[in-house]
Amino acid sequence: SSSSSCSSSSSSSSSSSSHATPARRVSPRQAATASAKRAVEKEAEAEAELGAEAAWRTAGPHLGKRLVRTFDGVESRGHVVGWLPEKENSGVALWHVKHEDGDEEDLEADEVEQAISNW
(Lines give C-alpha, C1' and ligand atoms only; values in the text may rest on other atoms or scores of the structure.)
Protein backbone atom coordinates (compact mmCIF):
# COMPACT_ATOMS: atom_id res chain seq x y z
CA SER A 1 0.00 0.00 0.00
CA SER A 2 2.79 2.44 0.89
CA SER A 3 4.76 1.59 -2.28
CA SER A 4 1.62 2.29 -4.26
CA SER A 5 1.34 5.76 -2.69
CA CYS A 6 5.01 6.41 -3.51
CA SER A 7 4.40 5.35 -7.06
CA SER A 8 1.34 7.58 -7.24
CA SER A 9 3.29 10.45 -5.72
CA SER A 10 6.08 9.89 -8.21
CA SER A 11 3.70 9.94 -11.16
CA SER A 12 2.00 13.07 -9.82
CA SER A 13 5.42 14.70 -9.41
CA SER A 14 6.32 13.70 -12.96
CA SER A 15 3.02 15.12 -14.18
CA SER A 16 3.51 18.46 -12.42
CA SER A 17 7.10 18.54 -13.65
CA SER A 18 5.87 18.33 -17.24
CA HIS A 19 3.51 21.23 -16.53
CA ALA A 20 6.33 23.27 -15.00
CA THR A 21 8.58 22.84 -18.04
CA PRO A 22 6.53 25.08 -20.37
CA ALA A 23 6.41 27.74 -17.63
CA ARG A 24 10.20 27.67 -17.49
CA ARG A 25 10.36 28.09 -21.26
CA VAL A 26 8.10 31.15 -21.17
CA SER A 27 9.98 32.82 -18.35
CA PRO A 28 13.31 33.08 -20.22
CA ARG A 29 11.42 34.46 -23.24
CA GLN A 30 9.83 37.08 -21.08
CA ALA A 31 13.22 37.92 -19.62
CA ALA A 32 14.77 38.09 -23.09
CA THR A 33 11.88 40.22 -24.32
CA ALA A 34 12.27 42.60 -21.40
CA SER A 35 16.01 42.77 -22.07
CA ALA A 36 15.46 43.44 -25.78
CA LYS A 37 12.88 46.11 -25.00
CA ARG A 38 15.27 47.80 -22.55
CA ALA A 39 17.91 47.89 -25.30
CA VAL A 40 15.38 49.37 -27.73
CA GLU A 41 14.32 51.92 -25.11
CA LYS A 42 17.95 52.98 -24.56
CA GLU A 43 18.36 53.40 -28.30
CA ALA A 44 15.10 55.35 -28.48
CA GLU A 45 16.21 57.62 -25.65
CA ALA A 46 19.47 58.34 -27.47
CA GLU A 47 17.57 59.05 -30.69
CA ALA A 48 15.07 61.23 -28.84
CA GLU A 49 17.92 63.33 -27.44
CA LEU A 50 18.87 64.20 -31.02
CA GLY A 51 15.45 65.72 -31.53
CA ALA A 52 14.87 66.93 -27.98
CA GLU A 53 14.26 70.50 -29.12
CA ALA A 54 11.67 69.45 -31.70
CA ALA A 55 8.13 68.47 -30.76
CA TRP A 56 6.50 65.20 -31.81
CA ARG A 57 3.90 65.80 -34.52
CA THR A 58 0.45 64.33 -33.99
CA ALA A 59 -0.44 64.46 -37.68
CA GLY A 60 1.61 62.97 -40.49
CA PRO A 61 2.58 59.72 -42.17
CA HIS A 62 1.67 56.50 -40.32
CA LEU A 63 0.05 58.32 -37.38
CA GLY A 64 -2.62 56.17 -35.72
CA LYS A 65 -1.60 53.01 -37.58
CA ARG A 66 -1.53 49.69 -35.68
CA LEU A 67 1.60 47.57 -35.73
CA VAL A 68 3.25 44.44 -34.39
CA ARG A 69 6.89 44.16 -33.32
CA THR A 70 8.54 40.88 -32.36
CA PHE A 71 11.06 40.69 -29.53
CA ASP A 72 12.81 37.31 -29.26
CA GLY A 73 9.81 35.52 -30.76
CA VAL A 74 7.21 37.32 -28.63
CA GLU A 75 4.80 39.67 -30.42
CA SER A 76 4.08 43.13 -29.03
CA ARG A 77 1.17 45.12 -30.47
CA GLY A 78 0.97 48.89 -30.48
CA HIS A 79 0.22 52.00 -32.50
CA VAL A 80 2.01 55.05 -33.86
CA VAL A 81 1.32 58.16 -31.78
CA GLY A 82 3.96 60.66 -32.91
CA TRP A 83 6.18 61.62 -35.82
CA LEU A 84 9.38 63.64 -35.94
CA PRO A 85 10.30 64.75 -39.49
CA GLU A 86 13.89 64.17 -40.59
CA LYS A 87 14.53 67.90 -41.08
CA GLU A 88 13.85 68.38 -37.36
CA ASN A 89 15.96 65.42 -36.22
CA SER A 90 19.43 65.54 -37.78
CA GLY A 91 18.22 63.94 -41.03
CA VAL A 92 16.50 60.91 -39.43
CA ALA A 93 12.69 60.72 -39.31
CA LEU A 94 11.29 58.92 -36.26
CA TRP A 95 7.89 57.53 -35.30
CA HIS A 96 6.92 57.23 -31.63
CA VAL A 97 5.13 53.97 -30.81
CA LYS A 98 3.14 53.02 -27.71
CA HIS A 99 2.75 49.29 -27.08
CA GLU A 100 -0.28 47.70 -25.41
CA ASP A 101 1.96 46.51 -22.55
CA GLY A 102 2.88 50.13 -21.73
CA ASP A 103 6.30 50.18 -23.37
CA GLU A 104 7.20 52.93 -25.82
CA GLU A 105 9.85 53.20 -28.50
CA ASP A 106 10.95 55.33 -31.44
CA LEU A 107 11.31 53.71 -34.85
CA GLU A 108 12.99 54.76 -38.07
CA ALA A 109 11.10 54.61 -41.39
CA ASP A 110 12.05 51.04 -42.35
CA GLU A 111 11.27 49.74 -38.86
CA VAL A 112 7.83 51.37 -38.61
CA GLU A 113 6.88 50.26 -42.14
CA GLN A 114 7.87 46.65 -41.38
CA ALA A 115 5.97 46.68 -38.08
CA ILE A 116 2.85 48.08 -39.79
CA SER A 117 3.05 45.36 -42.44
CA ASN A 118 3.23 42.77 -39.62
CA TRP A 119 -0.23 43.85 -38.41
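Strands S1 and S2 form a hairpin with 2 residues between them, and Asp72, placed in the turn, has a positive phi of about 50 degrees. This hairpin belongs to a predicted model, and it offers a convenient point of entry to the sheet. S1 and S2, the latter spanning residues 74–84, pair in the antiparallel sense over 6 bridges. Two positions on S1 show how the strands are aligned: Arg69 stands opposite Ser76 in S2, and Arg66 stands opposite His79 in S2.

From S2 the pairing continues to S3. These two strands run antiparallel and are joined by 6 bridges. His79, already met as the residue opposite Arg66, stands opposite Lys98 in S3. Elsewhere along this pair, Trp83 stands opposite Trp95 in S3. The loop between S2 and S3 contains Asn89. With a relative accessible area of 1%, Asn89 is buried, because a residue counts as buried when its relative accessible area is under 20%. A polar atom of the Asn89 side chain lies 2.7 Å from the backbone oxygen of Val92.

The next pairing is between S3 and S4, which run antiparallel with 4 bridges joining them. Trp95 takes part here too, with Leu107 as its bridge partner in S4. S3 and S4 form a hairpin with 4 residues between them; Gly102, in the turn, has a positive phi of about 100 degrees. Strand S4 also holds Glu105, which counts as buried at 2% relative accessibility. The side chain of Glu105 is joined to that of His99 by a polar contact of 2.8 Å.

Taken together, these pairings give an open sheet of 4 strands in the order S1-S2-S3-S4, with antiparallel pairing. S1 (66–71) and S4 (104–107) stand at the edges, and each has a single partner strand, so one side of each is left without a neighbour in the sheet. From one strand to the next, the twist averages 40 degrees. Helix H2, residues 109–118, packs on the sheet and touches S1, S2, S3 (94–99) and S4. The direction of H2 makes about 100 degrees with that of S1. As for S3, 5 of its 6 residues are buried, so this strand is largely enclosed by the rest of the structure.

What makes up the largest nonpolar core? This core has 10 residues: Leu67, Val80, Trp83, Ala93, Trp95, Val97, Leu107, Val112, Ala115 and Ile116. At least two of its residues are supplied by each of S2, S3 and H2, and the largest share, 3 residues, comes from H2. In soluble globular proteins, nonpolar side chains tend to be buried together. Trp83 and Trp95, which stand opposite each other across S2 and S3, are both members of the core, as is Leu107, the bridge partner of Trp95 in S4.

Leu67 gives a view of the core from one of its members. Leaving aside neighbours within four places in sequence, Leu67 is in contact with Ser76, Arg77, Gly78, His79, Val80, Val97, His99, Val112, Ala115, Ile116 and Trp119. Among these contacts is His99, whose side chain makes the polar contact with Glu105. His79, which stands opposite Lys98 in S3, is another of the residues that Leu67 contacts.

It remains to place these elements within the chain as a whole. The protein chain has 2 helices and 4 strands, and along the sequence they follow the pattern α-β-β-β-β-α. Of its 119 residues, 26% count as buried. Among contacts with a separation of 6 or more, residues 24 or more positions apart account for 50%. The chain exposes about 7500 Å², of which carbon and sulfur atoms supply 48%.

Definitions and conventions. Residues are numbered from 1 along each chain as its sequence is written. This is a predicted model: local features need pLDDT of at least 70, side-chain atom pairs count only at pLDDT 80 or more; totals for chains, interfaces and linings use all residues. Side-chain values use heavy atoms; hydrogens and water are left out. Two strands pair if DSSP finds at least two bridges between them. Axes are lines fitted to C-alpha atoms, for helices over the stretch in contact, and angles run from 0 to 180 degrees between N-to-C directions. Contact means heavy atoms within 4.5 Å. Buried means under 20% relative accessible area, exposed over 50%, partly exposed in between (1.4 Å probe, protein chains only). A polar contact is a pair of N or O atoms within 3.5 Å; within protein, one must be able to donate a hydrogen and the other to accept it, and residues adjacent in sequence count only if both atoms are side-chain atoms. A nonpolar core is a set of buried Ala, Val, Leu, Ile, Met, Phe, Trp, Tyr and Cys residues joined through side-chain atoms within 4.5 Å. Accessible areas come from the Shrake-Rupley method with a 1.4 Å probe; for residues, only the protein chains shown count as cover.
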